[in-house]
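Colleague: I am new to this structure, and I would rather understand one part of it well than skim the whole. Please choose a single part, look at it closely, and explain each term as you go.

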Amino acid sequence: MHLSALTQLNGVSGNEDLVRKYIYDNIKTKCDNITIDSMGNMIAFKAGKKKNAKKMMLSSHMDEVGFIVSKITDDGFLKFKTVGGIDSRVLPAKFVAVGEKNKIGVIGSKAIHLMTMAERTNIIKTKDLYIDIGAKNKIDAEKTVSIGDYISFMSDYTEFGDEMIKAKAVDDRAGCSILMNILDERYDFDLYACFTVQEEVGLRGAKVCAYTVKPDIAIVIETTACSDTAGVESFNYSTILGDGPAVSLIDRRTYYDREFADYIYNLAKSNNISVQYKKASFGGNDAGEIHISNSGVKTATISIPVRYIHTPSSVISKNDYHAANELLKVVLKEIKL
């Protein structure tokens, strides 16, 4: 299902080359045309069966959260900035890959037995962390890394428990994997499968894609935070792992077309596909730019719930993934444009 291979590729926002190449190599025979714009977005086009067909835009982003080298210290440690939203509390002792040569490093901080009592009780800040690549000094470090190098989490794709998957970059390689599957079929309408860049730093790629495609309607295939974990009251659950893909109603960037959202939800129910509404308004995705592009676009989002999102150990349910894949197929088959 491509997900294992996709999550093992490094593609921090602004550096999606490896992900784009993998997708291109695996879809090039399925499409009528593939274009790559100046930002790096890839748009795969399949003409509709009908003449003068309307345009359906599908969108999933290729980029992942990560880091960028901002300084090399005299001791050979790397200081860094985050790319995308990452909670600094999950960073210490994590393995990372630095630069094109994937230089292995470990995110480090002051040892706890050297911290003051105040430092022990405060949340560690990114500025106080560094990456140890095993260099003797600055000169040694500069042999293999440079300021501006991208840094990715290192984490193996692992299946575990009751149909669970643990991997980095599930957000949004899961969506990319589903879009790749969708291209096996041809539909009545013109289909534009957009694999976008720089979603994690402001939905930048989707904005450009939407103005290029000028769709009549759009669906974003995404992941979303799953909060059914220890310490969270059930009334605060956004989504529940294993209850199927989530259809969004509102988030920080989009007020979704309610008729379209309900159509997708009800279609899932009538086809015995597990589905849920996202019961929170936080977050955002490519829909935030797509729905207000041109003269406005009716837009919906289908998201796979993810525990520990934006970490190297994101967890999804295989059942939710397959349900999202099946739901999108049904929508594309049944919808009348």
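Modeller: Let me begin with Cys 176, which counts as buried because its relative accessibility is 0%; buried means under 20% relative accessible area, exposed means over 50%, and partly exposed is what falls in between, computed with a 1.4 Å probe on protein chains only. This is a predicted model, in which local features need pLDDT of at least 70 and side-chain atom pairs count only at pLDDT 80 or more, while totals for chains, interfaces and linings use all residues. Residues are numbered from 1 along each chain as its sequence is written, and side-chain values use heavy atoms, with hydrogens and water left out.

The part I have chosen is helix α5, and Cys 176 is one of the residues through which α5 meets α2. Helices and strands here are DSSP runs numbered from the N terminus, a helix being H or I over at least four residues and a strand E over at least two. Helix α2 spans 17–27 and α5 spans 170–182. Their axes are 11 Å apart and pack at an angle of about 15°, which makes α2 roughly parallel to α5. An axis is a line fitted to C-alpha atoms, for helices over the stretch in contact, and the angle runs from 0 to 180 degrees between N-to-C directions. Angles under 35 degrees count as roughly parallel, over 145 as roughly antiparallel, 65 to 115 as roughly perpendicular, and the rest as oblique. Val 19, Tyr 22, Ile 23, Asn 26 and Ile 27 of α2 are in contact (heavy atoms within 4.5 Å) with Arg 173, Cys 176 and Met 180 of α5. The crossing of α2 and α5 is right-handed; a crossing has this hand if the near helix is turned clockwise from the far one by less than a right angle, and is left-handed if it is turned anticlockwise.

A second partner of α5 is helix α9, made of residues 318–334, and here the axes come within 10 Å and cross at roughly 45°. The helices α5 and α9 are therefore oblique to each other, and their crossing is also right-handed. On the α5 side, the residues that meet α9 are Ala 174, Ser 177, Ile 178, Asn 181 and Ile 182, and among those they meet in α9 are Tyr 321, Ala 324 and Leu 328.

Within α5 itself there is an unusual bond to look at. Most peptide bonds are trans, but the one from Asp 171 to Asp 172 is cis, with omega near 5°, and Asp 172 has its place in helix α5.

Returning to the cysteine, the structure holds zero disulfides, a disulfide being a pair of cysteine sulfur atoms within 2.5 Å. Cys 176 accordingly is in no disulfide, and the nearest cysteine sulfur, that of Cys 194, is 11 Å away. Cys 194 is likewise buried, with a relative accessible area of 0%, and its sulfur is 4.2 Å from the closest cysteine sulfur, in Cys 209, which is too far for a bond.

The loop that follows α5 takes part in charged pairs. The structure holds 13 salt bridges, each defined by a side-chain nitrogen of Lys or Arg within 4 Å of a carboxyl oxygen of Asp or Glu. In one of them, the side chains of Lys 30 and Asp 184 meet at 2.8 Å, N to O. Lys 30 lies in the loop between α2 and β1 (33–36), and Asp 184 in the loop between α5 and β12 (190–196), so this pair ties together parts that are 154 residues apart in sequence. Arg 186 forms another salt bridge, with Asp 32, and the closest N and O atoms are 2.8 Å apart. Arg 186 belongs to the loop between α5 and β12 and Asp 32 to the loop between α2 and β1, so this pair, too, ties together parts that are 154 residues apart in sequence. Three of these residues are partly exposed: Asp 184 at 47%, Arg 186 at 34% and Asp 32 at 41%. The picture that builds up is of α5 beside both α2 and α9, with the loop after α5 joined by salt bridges to the loop after α2.
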